[in-house]
Amino acid sequence: MLPKRMLYPKYWPLALLLCVLWGFTRLPYRWQLALAPGFGRTLYRMSKKIRHITRSNIDACFASLPDAERQALYDKTVTELGFSLLETFIVWLRNVDRFF
């Protein structure tokens with residue numbers, strides 16, 4: 001049973017997010033794979049911190065690459081972010097026994 005304080009309005013956005021993620025993990029796996037890159041791109045656009053960290057790391061590690069190739073790395077990194085978060089949500093919110 002949840003503590004009563006978890007029903008306060010300040011926790012409603014978190015509850016909504018968890019419900020959406022729970023529903024996302026119930027979709028067929030092919031659909032999840034199709035939606036994951038868009039999820040990563042959305043987070044990248046919404047989060048200034050993620051953009052800054054991604055660009056800083058790639059620029060520091062691959063300073064010798066031309067701008068076009070670094071942009072391709074940004075895009076690939078964002079796509080992989082979507083896939084890694086998808087897999088994390090599946091492990092957190094699904095019955096693991098279903099996979100074995």
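Salt bridges, then. In this predicted model the count comes to three. I will take them in turn and then go on to the helices.

Start with Arg70, which is found in helix α4. Its side chain meets that of Asp59 in a salt bridge, with N to O at 3.2 Å. Arg70 sits in α4, residues 67-93, and Asp59 in α3, residues 48-61, so this pair ties together parts that are eleven residues apart in sequence. Is Arg70 buried or exposed? Its relative accessibility is 14%, and because the cut-off for buried is under 20%, Arg70 counts as buried. Asp59, at 29%, counts as partly exposed.

The second bridge also uses Arg70. Here the partner is Asp67, and the N to O distance is 2.5 Å. Both residues are in helix α4, three residues apart, which means that about one helical turn separates them. The general point is that an α-helix has 3.6 residues a turn, so residues three or four places apart point the same way. Asp67 is exposed, its relative accessible area being 57%.

Put those two together and you have a network of salt bridges linking Asp59, Asp67 and Arg70. To recap the accessibilities, the arginine is buried at 14%, Asp59 is partly exposed at 29%, and Asp67 is exposed at 57%. What else does Arg70 touch, not counting residues up to four places away in sequence? Besides Asp59, the list holds Ile58, Phe62, Ala63 and Leu65.

The third bridge pairs Lys76 with Glu80, and their closest N and O atoms are 3.3 Å apart. Lys76 and Glu80 are four residues apart in helix α4, so again the separation is about one helical turn. Glu80 is partly exposed, with a relative accessible area of 38%.

Next, helix α3, and one residue in it: Thr54. At 12% relative accessibility, Thr54 counts as buried. Where does its side chain reach? To the backbone oxygen of Ile50, at 2.8 Å. If we leave aside neighbours within four places in sequence, the contacts of Thr54 are Tyr44, Tyr74 and Thr77. Tyr44 is itself one of the buried residues of α2.

That brings us to α2, residues 29-46. This helix has 18 residues, and from first C-alpha to last it reaches 25 Å, close to the 26 Å expected at 1.5 Å a residue. Where is the kink in α2? At Leu35, shortly before the proline Pro37, and the angle is about 30°. Pro37 is among the buried residues of this helix; the others are Gln32, Ala36, Gly40 and Tyr44. These buried residues pack against α1, α3 and α4.

Arg45, also in α2, is exposed, with a relative accessibility of 59%. Measuring nothing here, only reading from the model: Arg45 and Ile58 are 13 residues apart in sequence, and their C-alpha atoms are 17 Å apart in space. Ile58 is also one of the residues that Arg70 touches.

Last, α1, residues 12-25. It has 14 residues and reaches 20 Å from its first C-alpha to its last, close to the expected 20 Å. Which residues of α1 are buried? Leu21, Phe24 and Thr25. They cover an arc of only 95° around the axis, and therefore lie on the same side of α1. On the other side, Trp12, Leu16, Cys19 and Val20 are exposed. What covers the buried residues of α1 includes α2 and α4.

To go back over the helix contacts: the buried residues of α2 pack against α1, α3 and α4, and the cover over the buried residues of α1 includes α2 and α4. Between α3 and α4 there is the salt bridge from Asp59 to Arg70. That is the end of the list.

Technical notes: Residues numbered from 1 in each chain as written. Predicted model: local features only at pLDDT ≥ 70, side-chain atom pairs only at ≥ 80, totals over all residues. Heavy atoms only, no water. Salt bridge = Lys/Arg side-chain N within 4 Å of Asp/Glu carboxyl O. Helix = DSSP H or I, 4+ residues; strand = E, 2+ residues; numbered from the N terminus. Buried < 20%, exposed > 50% of the residue type's maximum accessible area, 1.4 Å probe, protein only. Polar contact = N/O pair within 3.5 Å; in protein donor to acceptor, adjacent residues only side chain to side chain. Contact = heavy atoms within 4.5 Å. Expected span 1.5 Å × (residues − 1). Bend = angle between axes of the 7 residues up to and from the residue. Arc of directions from axis to C-beta.
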